[in-house]
Amino acid sequence: ILQDVRIFLDGAKNGAIIISLGTNVKWKHLNLDTVKSVIRALSKLKQRVLWKLDIEVPFEIPENVMVMKWMPQSEVLSHKNVRAIWTHGGLLSAQEAIWKGVPMIVMPFFGDQKSNTRILVAKGVAIYLDITTLSTQSILHAVEEILYNESYTRNMKRLSSEFRDRPIPPLDLAVWSVEYTVRHPNGTLVTPLRSQSWVERNLIDVYAFLFLSFFIILLSIFFVIKLLINLYYNYVYTASNLRKSKQA
């Protein structure tokens with residue numbers, strides 16, 4: 001950890017909270033009122049907050065908050081004073097928090113983040129924060145719940161123990177997998193892409209099928225509309241002829 005970050009976290013006598021929304025979710029995509037609500041909530045906390053913030057804000061940053069544009073998240077989560085992380089619920093962030101045993105405040109945006117959040121909440125290791133109703137009050141409620149309800153920390157420690165209980169460390173498994181593939185170039189870990197044609201590798205057949213299906217659907221819609229228009233004009237023409245016959 002950088003020295004200034006370490007000093008900041010070492011001085012967090014009431015604990016520290018990490019705010020990191022990963023690499024794909026940007027605070028600049030949120031409106032300034034939302035950011036202002038976050039800052040207002042953080043200013044009311046006794047805990048120190050390390051915030052990965054990718055924008056310059058026209059508001060005063062509270063004394064208990066340290067802003068960074070990039071954060072060594074895994075290393076920071078290892079600090080003894082970190083008590084919770086506010087994250088977007090991405091798979092890698094969730095795995096890091098579980099590995100380190102740090103309970104989570106999860107504010108999902110898209111993709112697998114929402115399903116990850118449901119699983120984490122169901123396991124009792126995270127609290128859900130809704131971005132659509134985000135306010136100073138909802139943030140304070142989430143922080144107080146995750147910090148002072150000991151069940152979240154207890155459940156996360158148990159889940160972390162389960163997650164770490166492996167017959168072989170993940171790094172050793174990754175090294176073994178690479179070496180196994182080198183030793184057995186035609187083994188079970190070799191990608192099937194090696195035996196696929198250029199068409200299969202680039203999904204050309206799939207795209208062709210989808211394009212053909214879309215074209216057939218459009219063509220069907222065109223003929224149905226054309227048929228309905230013809231029926232309508234035939235009906236109008238027939239009705240007009242009947243009126244003329246009666247008048248004659």
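Let's start at Trp-86, which touches Ile-18, Ile-19, Ser-20, Leu-21, Trp-27, Val-38, Ile-105, Met-107, Leu-129, Leu-134 and Ile-139, not counting residues up to four places away in sequence. Touching, or contact, means heavy atoms within 4.5 Å. This is a predicted model, in which local features need pLDDT of at least 70 and side-chain atom pairs count only at pLDDT 80 or more, while totals for chains, interfaces and linings use all residues. Residues are numbered from 1 along each chain as its sequence is written, and side-chain values use heavy atoms, with hydrogens and water left out.

**The nonpolar cores**

Trp-86 belongs to the largest nonpolar core, which has 32 residues; there, Trp-27, Trp-51 and Trp-86 touch the most other members. Such a core is a set of buried Ala, Val, Leu, Ile, Met, Phe, Trp, Tyr and Cys residues joined through side-chain atoms within 4.5 Å. Buried stands for under 20% relative accessible area, exposed for over 50%, and partly exposed for anything in between (1.4 Å probe, protein chains only). At least two residues of this core come from each of S1, H2, S2, strand S4 (82–87) and helix H6 (136–148). H6 gives the largest share, six residues. A second, separate core has 25 residues, including Val-5, Phe-8, Val-76 and Val-106.

The helices (H or I, at least four residues) and strands (E, at least two) named here are DSSP runs, numbered from the N terminus.

**The parallel strands**

Strands count as paired if DSSP finds at least two bridges between them. The pairings look like this:

| Strand pair | Sense | Bridges | One bridge pair |
|---|---|---|---|
| S1 (residues 16–20) and S2 | parallel | four | Ile-18 and Leu-50 |
| S2 and S3 (residues 65–68) | parallel | four | Trp-51 and Val-67 |
| S1 and S4 | parallel | five | Ala-16 and Val-82 |

On the way from S1 to S2 the chain passes through helix H2 (residues 32–42), and this β-α-β crossover is right-handed. Right-handed here means that, with the strands pointing away from the viewer, the path from the first strand over the helix to the second runs clockwise.

Both S1 and S2 sit well inside the fold. Five of the five residues of S1 are buried, so S1 is largely enclosed by the rest of the structure. Four of the five residues of S2 (residues 48–52) are buried, so S2 is largely enclosed too.

In a regular strand the side chains alternate between the two faces of the sheet. Along S1, Ala-16, Ile-18 and Ser-20 point one way and Ile-17 and Ile-19 the other way, and all are buried. Across in S2, Trp-51 stands opposite Ile-19.

**A closer look at Ile-17**

Ile-17 lies in strand S1 and counts as buried because its relative accessibility is 3%. Leaving aside neighbours within four places in sequence, Ile-17 is in contact with Leu-45, Gln-47, Arg-48, Val-49, Leu-50, Ala-84, Val-143 and Leu-147. Ile-17 and Trp-51 are 34 residues apart in sequence, yet 8.3 Å apart in space, C-alpha to C-alpha.

**Domains and the annotated helix**

The domain assignment, with bounds from an automatic or database source, gives domain 1 (3–164) and domain 2 (198–246). Their C-alpha centres lie 53 Å apart. In the unreviewed UniProt entry, the annotation "transmembrane region" covers residues 206–233; UniProt positions are given in the numbering used here, feature names are shortened, and annotations may be inferred rather than shown by experiment. In the model, the span 206–233 is 100% helix and 0% strand, with its end C-alpha atoms 41 Å apart.
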